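Me: Please take a close look at one part of this model for me, the place where chain meets chain. Then work outward from there, and keep it relaxed.

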2 protein chains.
Amino acid sequence: VTTQHIVHSFDKELRKLESNIAVMGGLAETQLADAIEVMLQRDSERAAQVAAQDTRIDALEEQINQQVVRLLALRQPVAVDLRVALAALKISADLERIGDYAKNIAKRTRTLTESASVAQAMTIGRMGRLVQGMIKDVLDAFANRDVAKAEDVRIRDEEVDALHTSLFRELLTYMMEDARAITPCTHLLFVAKNIERIGDHATNIAESVHFMVEGSLPLDERPKHDASSFTTVDADDNEEGGGG
Amino acid sequence: VTTQHIVHSFDKELRKLESNIAVMGGLAETQLADAIEVMLQRDSERAAQVAAQDTRIDALEEQINQQVVRLLALRQPVAVDLRVALAALKISADLERIGDYAKNIAKRTRTLTESASVAQAMTIGRMGRLVQGMIKDVLDAFANRDVAKAEDVRIRDEEVDALHTSLFRELLTYMMEDARAITPCTHLLFVAKNIERIGDHATNIAESVHFMVEGSLPLDERPKHDASSFTTVDADDNEEGGGG
């Protein structure tokens, strides 16, 4: 009976840990959706509220950290239970970063003027929806220990990277055509970069799910399609270079 | 004798883990110093070599991860030993990110032309030396379990943030004066942001050292002085706004 009792409450603690990850993931997902919405609507007032939501995500990370330390110290789990605890530690760190990036997107709202074009806003909206879907699906993959679904999320990050690179080039071109666009477009470059990084963190979470279920990381390196670090646009003729 | 043997080899494993963190930290430090050097010298050829060094850092992270999982599963450490293992897991993730940012700095070398001014290059060099010092000192703090030294690193990150904000404003102004500067200065903005983020990771490591030694995180939130997300420069009169 005592052994059964210990097993039972250990199981309960693990489930609690998993549900905290689900709650934290839901908050990060909402934070990102809200941040992109207020940014695209240039709603500086709501932007400040959205940025402030991040404290709940930070508090949950701290709570999950403490849960994992307690679980490891008192229960000393092995095999898959140990890997769930370690995955929760890593995933909560990724979700905390996602919340930070979303907060930063909301913060940049007040630097944006009307001058950034509709086309670029649409691309940012599309990138945002893509990574929101990735976060949602990778959290489902974690909850259901679904390696195939996690792998699918990793693959989808390529589209985010490709969109980011093309948006980078567009924004540079736009800045060259109109000096007044330089400040807002620079902030849009960082917004786009933040979304691209959020995609990378969703990919990290997918790898943690793989590790949790299989006991090893995915064997293949994910192909990187973000070529923005090499992308140049020439001011004299607006011809495109780089992007290799 | 058997118990002594177990204690002895457990201790050996912990020391091995700590020395791997020291090696990984040294590599990240070198990677950053080299990346900034080749970038400032516009040495595209060496930049590719520097970017390639990152694979050794990635391999070490994977090795440390495996060591920690094995240690937790087989030795089931408690108290400070458990915290050392968990700190090693977190610190290796931070060092991996530092390596990634340094790699990205090296990659951007080939987008830079002569047009970025000497003043900005000097500021980037200064930011780079500051964060290199932070990485070095926080690794010493880890090796010597020195909370005071870790706290000192956290404080120094404020200077990095302040330099980053002023450089952000300078680069925007420069881009408005000369459209040919837009592409290289945009990449310099991301180089500066990468260095600022490396400072944040050194700060994270300082917090891991605090947790490892004290069993809790530092109580005070570190004040953030990076105001670049709010910084705007107006193209019409080059007057500065934002920065609050």
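Reply: Let's agree on one term first. A polar contact here is a pair of N or O atoms within 3.5 Å, where within protein one atom must be able to donate a hydrogen and the other to accept it, and residues adjacent in sequence count only if both atoms are side-chain atoms. By that rule, and keeping to pairs with both residues at pLDDT 80 or more, chain A and chain B share 8 residue pairs in polar contact. The pLDDT filter is there since this is a predicted model. As for salt bridges between chain A and chain B, the count is 0.

Now for the area. Together, chain A and chain B bury about 3900 Å², and 66% of that is on carbon and sulfur atoms. On the chain A side, the three residues that supply more than any other three are Phe190(A), Ser229(A) and Phe230(A), with 15% of the area that chain A buries against chain B. In residue terms, the contact takes 44 from chain A and 44 from chain B.

Which elements of chain A give two or more residues to that side? They are helices H3 (54-75), H4, H6 (147-177) and H7 (182-214), plus strand S1 (232-233). H7(A) gives the most, with 9 residues. Sorted by type, the side of chain A that touches chain B has 22 nonpolar, 11 polar and 11 charged residues.

For a single residue that touches the other chain, try Asn104(A), in helix H4, which spans residues 79-107 of chain A. Beyond residues up to four places away in sequence, Asn104(A) touches Asn194(A) and also Ser229(B). Is Asn104(A) buried or exposed? Its relative accessible area is 13%, and the limit for buried is under 20%, so Asn104(A) counts as buried.

Staying on H4 of chain A, we find Glu96(A). This residue is buried too, because its relative accessible area of 15% is under 20%. With neighbours within four places in sequence left aside, Glu96(A) is in contact with Met24(A), Ile57(A), Asp58(A) and Glu61(A). Met24(A) sits 72 residues from Glu96(A) in sequence, yet their C-alpha atoms are 8.4 Å apart.

Leu95(A) also touches Met24(A) and Ile57(A), and its other contacts, again not counting residues up to four places away, are Ile21(A), Gly25(A), Ala28(A), Leu139(A) and Ile205(A). That brings us to the largest nonpolar core, which has 146 residues; Leu72(A), Leu95(A), Leu72(B) and Leu95(B) touch the most other members. H7(A) provides the largest share of this core, 15 residues. As background, nonpolar side chains tend to be buried together in soluble globular proteins.

Stepping back to the whole chain, chain A has 7 helices and 2 strands, in the order α-α-α-α-α-α-α-β-β along the sequence. Of its 244 residues, 54% are buried. Among contacts in chain A between residues at least 6 apart in sequence, 82% join residues at least 24 apart.

One last stop is the loop between H6 and H7 of chain A, where Asp178(A) is found. Asp178(A) has a relative accessibility of 22%, so it counts as partly exposed. From Asp178(A) to Ala143(A) is 35 residues along the chain and 48 Å between C-alpha atoms.

How values were computed. Residues are numbered from 1 along each chain as its sequence is written. Chains are lettered from A and ligands numbered from 1 in the order in which they are written. This is a predicted model: local features need pLDDT of at least 70, side-chain atom pairs count only at pLDDT 80 or more; totals for chains, interfaces and linings use all residues. Side-chain values use heavy atoms; hydrogens and water are left out. Helices (H or I, at least four residues) and strands (E, at least two) are DSSP runs, numbered from the N terminus. Buried means under 20% relative accessible area, exposed over 50%, partly exposed in between (1.4 Å probe, protein chains only). Contact means heavy atoms within 4.5 Å. Buried area is the accessible area (1.4 Å probe) that two parts lose on being put together, summed over both. A salt bridge is a side-chain nitrogen of Lys or Arg within 4 Å of a carboxyl oxygen of Asp or Glu. Ala, Val, Leu, Ile, Met, Phe, Trp, Tyr, Cys and Pro count as nonpolar, Asp, Glu, Lys and Arg as charged, and the others, Gly among them, as polar. A nonpolar core is a set of buried Ala, Val, Leu, Ile, Met, Phe, Trp, Tyr and Cys residues joined through side-chain atoms within 4.5 Å.
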